[in-house]
Amino acid sequence: MTRLLLVDDHPLLRQGIAMTIEAEPDLSVVAQAGDADEALALFAEAAPDLVITDISLPGANGLELMKNLLTLRPDLPVLVVSRHDEDLYAERAVRAGARGYVSKLAAGDQIVTAIRRVLRGGIHLSEDLKDRMLFGAAAGVKDATQTPLEVLSDRELEVFEMTGRGIPTREISERLHLSIKTVESYRSRLKTKLGLSNGTELIKHAVAWVEGEGAGRS
């Protein structure tokens, strides 16, 4: 029996994915966690063969969780299942060590297919994304269609998204376990990287991106 640890802060979505997995005779969800701290606390006892995680989690996000898990067990297969925009997040997830990326909107059989491919040692991505990554690797350049947001670090993107969701600076600092000064420093870098002249432009840009579903809904 293959053991899986499932990490998602939405109980109903987590249960739905767990039910899909449990319907398979050789797969078992041995532990579920609602955030990164809980996942790390359960990890040793659960001894999963594969971890499935969302990107948006309270506190440390799914990418940070994955890096911590891979420090503990470098060969651990991790599959990301998220509603975040694949164009922006899937390549980041792979760079962080994920073996695959599947949309939460995908049918249950697609999630199971991704699990089995990752367990066989493969990488599971959409055909469009694989084509773009192969093209970029072959050409030695980044995809010409990349958006300006792709130049942001994982943490910068996280601060950008929370800004667009109207989350106050103090709350961002608490959620990310950063000082207020550090959050403000990230915002300053965002303005520079995105060519924005002031904080108002940054907020407008971030809100427009979130409302355009660019940040997905986890």
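In this predicted model, strand 1, helix 1 (residues 11-22) and strand 2 form a β-α-β unit that is right-handed. Strand 1 (residues 2-7) and strand 2 run parallel and are joined by 6 bridges. On the side of strand 2, L27 is the bridge partner of T2. Is strand 2 enclosed by the rest of the structure or not, and why? Of the 7 residues of strand 2 (residues 27-33), 5 are buried, so the strand is largely enclosed by the rest of the structure.

A UniProt annotation from an unreviewed entry, "domain: Response regulatory", covers residues 3-119. Over residues 3-119, the chain is 49% helix and 21% strand. The end C-alpha atoms of residues 3-119 are 11 Å apart.

The side chains also provide ring contacts. The structure holds 1 aromatic pair. The ring centres of F160 and W209 are 5.5 Å apart and the ring planes meet at 50°; the pair is therefore tilted, since an angle under 30 degrees would count as stacked and one over 60 as edge-to-face. F160 belongs to helix 7 and W209 to helix 10, so the pair ties together parts that are 49 residues apart in sequence. Both F160 and W209 are buried.

The two partners of this pair are placed as follows.

| Residue | Helix | Helix residues |
|---|---|---|
| F160 | helix 7 | residues 154-164 |
| W209 | helix 10 | residues 199-211 |

Another ring contact involves a charge: the charged end of R189 sits over the ring of Y186, at 4.7 Å from the ring centre.

Key: Residues are numbered from 1 along each chain as its sequence is written. This is a predicted model: local features need pLDDT of at least 70, side-chain atom pairs count only at pLDDT 80 or more; totals for chains, interfaces and linings use all residues. Side-chain values use heavy atoms; hydrogens and water are left out. Buried means under 20% relative accessible area, exposed over 50%, partly exposed in between (1.4 Å probe, protein chains only). Helices (H or I, at least four residues) and strands (E, at least two) are DSSP runs, numbered from the N terminus. Two strands pair if DSSP finds at least two bridges between them. A crossover is right-handed if, with the strands pointing away from the viewer, the path from the first strand over the helix to the second runs clockwise. Rings of Phe, Tyr and Trp (its six-membered ring) pair if their centres lie within 6.5 Å; planes under 30 degrees apart count as stacked, over 60 as edge-to-face and the rest as tilted. A charge sits over a ring if NZ of Lys or CZ of Arg is within 6 Å of the ring centre and within 35 degrees of the ring normal. UniProt positions are given in the numbering used here, feature names are shortened, and annotations may be inferred rather than shown by experiment.
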